[in-house]
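This report describes a single protein chain, moving from its overall make-up to particular helices, loops and a pocket. The sequence and the structure are shown below for reference.

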Amino acid sequence: MLPKVHFAAIVGMVFFVVVGLRPDMARAQSTNFTAGPDPGEIPLPPIKTALGTLPGVNDLPVRTGLPDGLTMNNGQKVTAVKQWEKRREEIKSVLEYYAIGQMPPPPGNVKGDEIKSQLVLDGKVKYRLVHLTFGPKEKLSLNIGIFTPTDSNGPFPAVIMPGGTPPGATALPTLAHPPGQGKGVDALLPVVPATESTNEAPSSAGSTNQPAGRRGPRPDNSDPEVVAGRNRELFRRGYAYVVFNNNDCAEDTTLRNDDGSWAFRTTRFYPAYPGYDWGVLAGWAWGVSRIVDYLETDPSVDKTKLIISGVSRTGKSAMIAAAFDERLAMGAPCVTGGGGIGAYRFSGAGRGGKEGLGEMMKKYPNWFSPHLHEFWGHVDQLPFDEHWFLALVAPRPFIALEGLTDQVSLENAVKQSWLGAQPVYALLGAKDNLGVNYANHGHAFTPEDMKALLDFADLHLRSMKVDRRFDQFPSDSPPEKVIP
């Protein structure tokens, strides 16, 4: 086995091949003129991980087009499924290092304890609150709520979705939020006094066209009757619904410690894994995988038909979960915005609209790998782009749920990622498994999105006939009518 330092050096050398850097090439100069970090930022203390060190922004060339998912690190083209299996592992390492941070391995000891059970919706649905334990010395935990129809014995395909603390569970104590969080303030500037946080998220499966990150009145998640009532159509169509609080996995705060490190690393899953630099989104995705660990043992749930969804920031984590956990049969994130489905190279100021890499690194760098920050202002030197997450899902079904009037989910950025992932789906003989649907709303999740999700799942997971298409973008020309 190679020593770690030598292995890292070799990885760095072969990495130059895939991004196109040659010995005779001058040091790259970025063509992205977006403003970069504030000089007054306090840097994050580095976290050493098993991934070692890969090339930084000054060692990578400008690449205005999307990096090819079907070119190995050694420059070899991927033309066979066996090659793709190796390439898939390369892509995962790149995305963990640069995009989301390295996640811990599966703990292998997930256990579930049923806390309560009751019938709701006049006995048509059964609700169970299950407390999961896992991790080193079984000290980590997560509450999940499972709703299943009662009109048959199942097992049922299941939609997993963040939606606040499950009914009947006790909300966890939370860290504070800096007053500028999410308001355009550079999160790496000196720490300012914080404000209290409720750590509760609005239900992502609400029946109203409510903005995904809206402050103010929130849907009631404390009563299982109410939560089930918002999802009647899902149960009617034979699906189970699994809800959890993503903030019980990683706290969504940009609060920092005295040494400049993120305060979220002192709570939830993070203290158990100090040698990993995973951001908040990866923490939420890792939590989804622990839910899958349990659902594989639950006789009421069809473990071959698990669907992960989420809205806005939880949509980003749903995309990550689907990409990294092959047990998830389908991914269906909604209005993911910057750092989600849309390609970085086609997002942000001067690149098509709001929420590009610079905006994400300014407001929410805690969501991502600490290595992503140095690419603020140098987007074209990224050695990856967001279409690689979609490619990792292949050949499993994946649908991008988007809003016609959503200002942060840019159509062209989403379309470029969608097109960029298609060659991988085609290689694996599953080109039709990559879908998109635009509903008439802004930054929200509505019943129209849930219907598209279930229709797509019926088509690809249950082999049911569905009379609609999932390959149309708003700017596409309507199909020509055939005159008889």
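Contact here means heavy atoms within 4.5 Å.

## Overall make-up

The model is a predicted one. The protein has 10 helices and nine strands, and 57% of its 484 residues count as buried. When contacts between residues at least 6 apart in sequence are considered, 73% of them join residues at least 24 apart.

## Arg290 in helix H5

Helix H5, which covers residues 280-295, contains Arg290. Is this residue buried or exposed? Arg290 has a relative accessible area of 2%, and because the cut-off for a buried residue is a value under 20%, Arg290 counts as buried.

Once residues up to four places away in sequence are set aside, Arg290 touches Pro106, Pro107, Val110, Leu132, Phe134 and Arg327. One of these partners, Leu132, and another, Phe134, fall within strand S2, which runs over residues 125-134.

## Two residues of helix H2

Helix H2 spans residues 81-100 and includes Tyr97, a residue that counts as buried at 5% relative accessibility. Leaving out residues up to four places away in sequence, Tyr97 touches Leu51, Gly52, Thr53, Leu54, Ser369 and His371. With Leu54 there is also a polar approach, in that a polar atom of the Tyr97 side chain lies 3.1 Å from the backbone nitrogen of Leu54. The C-alpha atom of Tyr97 is separated by 9.2 Å from that of Thr49, although their positions lie 48 residues apart along the chain when counted as a sequence separation.

Val81 also lies in helix H2, but at 42% relative accessibility Val81 counts as partly exposed. Apart from its neighbours within four places in sequence, Val81 is in contact with Leu427 and Leu428. The C-alpha atoms of Val81 and Gly429 are 9.9 Å apart in space, while the two residues are 348 residues apart in sequence.

## Helix H10 and the residue that follows

How does the span of helix H10 agree with its number of residues? Helix H10 is formed by the 15 residues 447-461, which at 1.5 Å a residue should span 21 Å, and the 20 Å between its end C-alpha atoms agrees with that expectation. The buried residues of H10 are Asp449, Met450, Ala452, Leu453, Leu454, Asp455, Phe456, Ala457, Asp458 and Leu461. These buried residues pack against one helix element, H4 (232-236), and against strands that include S4 (156-162), S6 (301-311), S7 (330-334), S8 (398-403) and S9 (434-439).

Ser463 is placed in the segment after H10, where its phi takes a positive value of about 55°, in a residue other than glycine. With a relative accessible area of 69%, Ser463 is exposed.

## Backbone features in the loops

Leu121 likewise has a positive phi, near 55°, and is a residue other than glycine. Its place is in the loop between strand S1 (111-120) and strand S2 (125-134), and at 6% relative accessibility Leu121 counts as buried.

Cis peptide bonds are found before two prolines, among them Pro155, where the bond from Gly154 has an omega near 0°; Pro155 is located in the loop that joins strand S3 (140-149) to S4. The peptide bond from Ala394 to Pro395 is also cis, with omega near 5°, and Pro395 occupies the loop between helix H8 (387-393) and S8.

## The second largest pocket

The volume of the second largest pocket is about 410 Å³. Of the 18 residues that line this pocket, Leu44, Pro46, Ile47, Pro370 and His371 are the closest to its centre. By type, the lining divides into nine nonpolar, five polar and four charged residues.

His371, one of the residues closest to the centre of the pocket, is also among the residues that Tyr97 touches.

Terms used:
Residues are numbered from 1 along each chain as its sequence is written. This is a predicted model: local features need pLDDT of at least 70, side-chain atom pairs count only at pLDDT 80 or more; totals for chains, interfaces and linings use all residues. Side-chain values use heavy atoms; hydrogens and water are left out. Helices (H or I, at least four residues) and strands (E, at least two) are DSSP runs, numbered from the N terminus. The expected span of a helix is 1.5 Å times one less than its number of residues. Buried means under 20% relative accessible area, exposed over 50%, partly exposed in between (1.4 Å probe, protein chains only). On a 1 Å grid over the protein atoms alone, a cavity is a set of points where a 1.4 Å probe fits but cannot get out, and a pocket is an open set with protein on both sides within 12 Å along at least five of seven lines; lining residues have an atom within 4 Å of a point. Grid points are joined across faces, edges and corners, and a volume is the space filled by probe spheres set on the points. Ala, Val, Leu, Ile, Met, Phe, Trp, Tyr, Cys and Pro count as nonpolar, Asp, Glu, Lys and Arg as charged, and the others, Gly among them, as polar. A polar contact is a pair of N or O atoms within 3.5 Å; within protein, one must be able to donate a hydrogen and the other to accept it, and residues adjacent in sequence count only if both atoms are side-chain atoms.
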